[in-house]
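Dear colleague,

Please find below the structure that I am handing over to you, together with its sequence. My findings follow directly after it.

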Amino acid sequence: MLATPSLAATLGSLNLSSNLGEPLLAEVELLLEPQETFNGLQAGIASEQAYAQQGIRYQVHYLDLKVELQQNPQGLAVLKLSSSLPINEPYLDLLLQLDWSTGRLQKQYIVLLDPPQIAQAEPDSITVPVGIA
């Protein structure tokens, strides 16, 4: 008997780089064993049927989302998520899918998009009310 090689891939955390009203830009860590590469992997947003099977609402603007396997500047494997159109929904419920010759992995991500003014605003100081005794 010949053993079929398997892939030990895991999807890690999602790092968001965009705000509400902007095209989506995010990366998801692709965790692989040291000897493995992402050759032969296919990644994307799961099908409407997969969303239904998981009990997740599929939104039509997910059709605009693009998922690419890449290496980031640090040399790590990532899934780059992007859209050509602005995302005007403050809440995305994404189901990402990773396929290879011997398997499939799906993982759900809940993405909360902040309005640009909130995401960029940093308070100069914090004022704490003081009670008079």
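S4 and S5 form a hairpin, with five residues between the two strands. In the turn, Gly75 has a positive phi of about 85°. Please note that this is a predicted model.

The two arms of the hairpin, strand S4 (residues 65-71) and S5, are paired in the antiparallel sense over seven bridges. One of the pairs across the arms is that of Gln70, whose bridge partner in S5 is Val78.

S5 (residues 77-86) also pairs with strand S2 (residues 23-32), again in the antiparallel sense, and here the pairing extends over six bridges. On this side, Glu27 has Lys80 of S5 as its bridge partner.

S2 in turn is joined to S1 by six bridges, and these two strands run antiparallel. Within this pair, Thr10 stands opposite Leu31 in S2.

Taken together, the pairings give an open sheet of four strands in the order S1-S2-S5-S4, with antiparallel pairing. Its edges are formed by strand S1 (9-16) and by S4, each of which pairs on one side only. From one strand to the next, the twist averages 25°.

For orientation when you open the file, the hairpin of S4 and S5 thus includes one edge strand of the sheet, namely S4, while the opposite end of the strand order is S1.

With kind regards

How values were computed. Residues numbered from 1 in each chain as written. Predicted model: local features only at pLDDT ≥ 70, side-chain atom pairs only at ≥ 80, totals over all residues. Heavy atoms only, no water. Pairing = 2+ DSSP bridges. Axes fitted to C-alpha atoms, helices over the stretch in contact; angles between N-to-C directions.
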